[in-house]
Amino acid sequence: MKSKENRSIPISFRLTASEFELYTDVLARTKLTKTDFFRGVFLEKKYTFHVHEKRPVEYDRLLFLFNKTSNNMNQIAHKLNGAYRRGIVSEKVYVEYLNNLISIERLLDGSINKC
């Protein structure tokens, strides 16, 4: 089994203000860290990078809320459908709740499409 080699030697260099600005502009628009960028250039001899734009700050929070909402909607629909099949809920109440769930689904879908 190979022993794992630690990265213990730091490397640094200086840039002019204009060089640093170009560098920070690229990193600001991508998911690459400084370390990933320089390791790619020097160790992998990678001179072109597939650039991924960073997601907006709100993306993770919105994704969490949409996932939580869709999960809750699914649980409500499942319980409502079971109650309707057992005769606990009237057809009028069943249809009313289904329409509300459909409205919520459409609102969420519309919000996603606007982004």
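Trainee: What relative accessible area does Phe20 have?
Mentor: This is a predicted model, where local features need pLDDT of at least 70, side-chain atom pairs need 80 or more, and totals for chains, interfaces and linings use all residues. Residues are numbered from 1 along each chain as its sequence is written, and side-chain values use heavy atoms, without hydrogens or water. Phe20 counts as partly exposed (buried is under 20% relative accessible area, exposed over 50%, partly exposed in between, with a 1.4 Å probe and protein chains only). Its value is 42%.

Trainee: How many aromatic pairs are there in the whole structure?
Mentor: Rings of Phe, Tyr and Trp (its six-membered ring) pair if their centres lie within 6.5 Å; planes under 30 degrees apart are stacked, over 60 edge-to-face, the rest tilted. A search of the whole structure gives 4.

Trainee: What kind of pair do Phe20 and Tyr23 make?
Mentor: Their ring centres are 6.1 Å apart and the planes sit at 45°, so this pair is tilted.

Trainee: Which helix holds Phe20 and Tyr23?
Mentor: Helices here are DSSP runs (H or I, at least four residues), numbered from the N terminus. Tyr23 is buried, at 13%. Phe20 and Tyr23 are 3 residues apart, about one turn, and both lie in α1.

Trainee: How are the rings of Tyr84 and Tyr94 arranged?
Mentor: Their centres are 4.0 Å apart and their planes at 10°, so the pair is stacked.

Trainee: Which helix does Tyr94 sit in?
Mentor: Tyr94 is buried, at 15%, while Tyr84 is partly exposed, at 30%. The two are 10 residues apart and link distant parts of the chain, with Tyr84 in α3 (residues 58–85) and Tyr94 in α4.
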